[in-house]
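Here are a few notes to read alongside the model. I hope they help you find your way around before you set anything up.

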Amino acid sequence: MKILFHPEPQQISLAGVLYALGDPVRLDIVCQLATDGELTCNAFDCEIAKSTLSHHFKVLRESGVIYSRKEGTQHLNSLRREDLDQLFPGLLDSVLGSLLSKDRKTATTVQ
């Protein structure tokens with residue numbers, strides 16, 4: 001069984017987290033995890049190839065944004081909110097808050 005790399009909290013860098021959050025697909029993954037909690041890889045509503053989605057999970061995991069654990073044949077993903085909030089207070093809330101307010105503005109404009 002392949003062991004997944006997860007950095008220790010002291011190994012998580014702001015540059016790595018910002019890089020991971022700098023892609024729209026990865027931002028969507030983070031937003032879904034923040035909203036829905038722990039999810040399997042196939043629970044994400046992304047219209048991209050499975051291999052590309054796996055790459056995005058790897059970037060998020062290796063930067064310290066998410067934690068992945070294997071249960072049977074599934075990988076369950078969760079946000080490392082506690083670690084991120086302790087290392088970079090307010091960062092995740094700011095990013096998620098701006099995404100959610102942008103979504104609300106878009107929904108209001110479309111109606």
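**Notes on the predicted model**

1. Let us begin with the pocket. Helix H3 (50-63) and strand E3 (74-79) each contribute at least two residues to the lining of the largest pocket. H3 is the main contributor, with eight residues in that lining. Please keep in mind throughout that this is a predicted model.

2. Next, the pocket's volume and make-up. The largest pocket holds about 460 Å³ of space, and 18 residues line it, with Cys41, Lys50, Ser54, Phe57 and His75 the closest to its centre. Sorted by class, the lining has eight polar, five charged and five nonpolar residues.

3. Cys41 deserves a visit of its own, being one of the residues closest to the pocket centre. Cys41 sits in the loop between E1 and H3. Is Cys41 buried, exposed or partly exposed? Its relative accessible area is 25%, so Cys41 falls in the partly exposed class, which runs from 20% to 50%. Not counting residues up to four places away in sequence, Cys41 touches Leu53, Phe57, His75 and Asn77. Cys41 and Ser54 are 13 residues apart in sequence, and their C-alpha atoms are 8.2 Å apart in space.

4. Now to the aromatic rings. How many aromatic pairs does the count come to? The count comes to one. The pair is made by Phe44 and Phe57, with ring centres 5.2 Å apart and planes at 65°; an angle over 60 counts as edge-to-face, so that is the label for this pair. Phe44 belongs to the loop between strand E1 (39-40) and H3, while Phe57 belongs to helix H3, so the pair ties together parts that are 13 residues apart in sequence. Both Phe44 and Phe57 are buried. Phe57 also appears in the two preceding notes, as one of the residues closest to the pocket centre and as a contact of Cys41.

5. For the interior, look at the nonpolar core. The largest nonpolar core has 26 residues, and Val17, Val30 and Val65 are those with the most contacts inside it. Helix H1 (14-20), helix H2 (24-36), H3 and helix H5 (91-110) are the elements that give two or more residues to this core. Val30 makes a handy place to centre the view: leaving out residues up to four places away in sequence, Val30 touches Leu21, Leu60, Val65, Leu79, Leu92 and Leu96.

6. His56 is another residue of helix H3. Why does His56 count as buried? Its relative accessible area is 7%, and buried means under 20%, so His56 belongs to that class. Setting aside neighbours within four places in sequence, His56 is in contact with Asp23, Val25, Arg26, Ile29 and Ile48.

7. Two residues of helix H1 are worth selecting as well. Ala15 is found in H1 and counts as exposed at 57% relative accessibility, because the cut-off for exposed is over 50%. The C-alpha atoms of Ala15 and Ser63 are 8.9 Å apart, although 48 residues separate them along the chain. Tyr19 is also found in helix H1, and Tyr19 is exposed too, with a relative accessible area of 56%. Tyr19 touches Arg26 and Val59, not counting residues up to four places away in sequence. From Tyr19 to Leu60 the C-alpha distance is 9.1 Å, for a separation of 41 residues in sequence.

8. Finally, a step back to the whole chain. The protein chain has five helices and three strands, and read along the sequence they follow the pattern α-α-β-α-β-β-α-α. Of the 111 residues in the chain, 37% are buried. Among contacts with a separation of 6 or more, 64% are between residues 24 or more positions apart. If you would like one element to start from, helix H3 recurs in these notes: H3 gives the most to the pocket lining, carries Phe57 of the aromatic pair, contributes two or more residues to the core and includes His56.

Notes: Residues numbered from 1 in each chain as written. Predicted model: local features only at pLDDT ≥ 70, side-chain atom pairs only at ≥ 80, totals over all residues. Heavy atoms only, no water. 1 Å grid on protein atoms, 1.4 Å probe; cavity = no way out; pocket = protein on both sides within 12 Å on 5 of 7 lines; lining within 4 Å. Points joined across faces, edges and corners; volume = space filled by probe spheres on them. Helix = DSSP H or I, 4+ residues; strand = E, 2+ residues; numbered from the N terminus. Nonpolar A, V, L, I, M, F, W, Y, C, P; charged D, E, K, R; others polar. Core = buried A, V, L, I, M, F, W, Y, C linked by side-chain atoms within 4.5 Å. Buried < 20%, exposed > 50% of the residue type's maximum accessible area, 1.4 Å probe, protein only. Contact = heavy atoms within 4.5 Å. Phe/Tyr/Trp six-rings, centres within 6.5 Å; stacked < 30°, edge-to-face > 60°.
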